[in-house]
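Please read the following points alongside the coordinates. They concern confidence, one helix pair and the ligand site.

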Amino acid sequence: MSSNRGNFSSRIGFILAAAGSAVGLGNIWRFPYLAGQNGGAAFLLIYLICIFLLCFPIMVGEIAIGRAAGSDAMGSYTKLGNKRWGYLGLFGILAGVFILSFYNVVAGWAFGYFLEISFGDLLSEGDFGSFFGAYVNDISDNLWFSLGFMILTALIVSRGIQKGVEAANKIMMPSLYVILVALIIYSLTLPNAMAGVKFYLIPELSEIKVQTIFDGLKQAFFSLSLGMGALITYGSYVSKQQNVVSSAAVISIADSSVAFLAGLMVFPLVFSQNMSPTEGPALVFMVLPEVFSDMGPILGRIVGGGFFLLLCFAALTSTISLLEVPTTYLVDQKKLKRTTVVWGLAILIFIIGLPSMMSQGMIPALNQLPFYQGRDFLTFIADMCDLTLTIGGCLMCIFITYQWKVKNMDNELAIGNAGYMSSFLRKYLHFTISYVCPVLLGILSILIILDKFFGLSNIF
Ligand code: PHE
């Protein structure tokens, strides 16, 4: 693609950035609580099946589309298909805007917890459950934390692909692994840690319910940043020398390994306190501070601060990619200046996120939506975004199969990968992209809609 758009400087730069997009709050905040609610190991099993059966082929497809077209999500679908398909790209870009709007709120909580554990006296609170409830209800603090987080994201994205996105990920991703491994080693030494490991690693097949499958699927999509054009966008900055299939494999493995390791850190911590793993979204904010507080004032600050710093790094590498998607779109399509676009979008998305921030108790009408089984606005937006990802993934497969054609995808994938045409992976990708993914994702998306609005999973 034209050099003035910029490119990732190297294969490792791209892999780290894409893995940075994938590894986020989804892995360290959401994966453990969904696993905790869905039987631990049973959830892990379903999640891994979704990753390898459904998500890996979709990731390859997205990167191939981006690199072949060398344009933003909407531009790529338009170029390889037609104007109507372009709307699928636009749909993804909008999903990204909404994901960032609520994601930045949760990132703000993590940022606030990091500061208040490391430098304040959060750990001397008596009741962490009520503290968290009050904390997210009163937005006077976290308004600033999430604003700070958005500014940090915008500062990095405005520096461009190599100097901003790539450089930030090259520092944060390795640091994230180091902090994670250190925390796992520590948590495994705690009393009763093995009960947590058992809950997490030995599956009870009877725990697999419809809900487990829905949650496993949506988590796999969200976690790999699929279905909304993030990887089409990053793919458009990938050079033609790179092997897309093997890069996608490395990214998928890097992402699922962080989710796996996050579980291996969280469950021993939770079980060492004889706490319940089914706490839901508050799990890392309510249960873990209890654990950190028991460690005493100094160790608690170090380990607890380390954990929330880890969460912030992970979130930041993802918010960068979420902001990059609409940025690339406006720069490519509307020929606007990158810096203007980045700051304009950051302000707009921050404002779109305000109702989510205020839905945690501050405004009762947003806290209990009557049309959404009494759930809050943040959950509503998050669920709708999850749904657009699976639908987006399904439509992308239909696009490749019927519009762009699998043979064109093959030609793209063979660039930078000499053995591709005769490989078994090629057959696997054809079969999954043309049949398995669209059929399963289509059926599951419909079932998830029925579940969200009519409580389908309660029937089973
Ligand atoms: N994958 C990110 C996470 O796990 C979230 C994300 C979704 C980022 C979609 C970009 C696009 O936290």
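1. A residue is taken to be near a molecule or strand if one of its heavy atoms lies within 4 Å of it. On that basis 14 residues surround the ligand, and the closest are A22, G26, Y103, F222 and S223.

2. This is a predicted model, in which local features need pLDDT of at least 70 and side-chain atom pairs count only at pLDDT 80 or more, while totals for chains, interfaces and linings use all residues. Residues are numbered from 1 along each chain as its sequence is written, and side-chain values use heavy atoms, with hydrogens and water left out.

3. The chain has a mean pLDDT (the predictor's confidence in each residue, from 0 to 100) of 93, and 98% of its residues reach 70 or more. Among the elements of the chain, helix α4 (residues 73-80) has the highest mean pLDDT, 98, and helix α13 (residues 283-294) the lowest, 88; helices here are DSSP runs of H or I with at least four residues, numbered from the N terminus.

4. Polar contacts (pairs of N or O atoms within 3.5 Å) link the ligand to the backbone: a ligand nitrogen atom lies 2.8 Å from a polar backbone atom of F222, a ligand nitrogen atom is 3.2 Å from one of S21, and a ligand oxygen atom is 3.2 Å from one of L25.

5. Helix α2 (residues 25-37) packs against α13 at an angle of about 90°, with the axes 10 Å apart. Therefore α2 is roughly perpendicular to α13, a term covering angles of 65 to 115 degrees. The contact (heavy atoms within 4.5 Å) involves I28, W29, P32 and Y33 of α2 with L283, V284 and F285 of α13.

Methods:
Helices (H or I, at least four residues) and strands (E, at least two) are DSSP runs, numbered from the N terminus. Axes are lines fitted to C-alpha atoms, for helices over the stretch in contact, and angles run from 0 to 180 degrees between N-to-C directions. Angles under 35 degrees count as roughly parallel, over 145 as roughly antiparallel, 65 to 115 as roughly perpendicular and the rest as oblique. A polar contact is a pair of N or O atoms within 3.5 Å; within protein, one must be able to donate a hydrogen and the other to accept it, and residues adjacent in sequence count only if both atoms are side-chain atoms.
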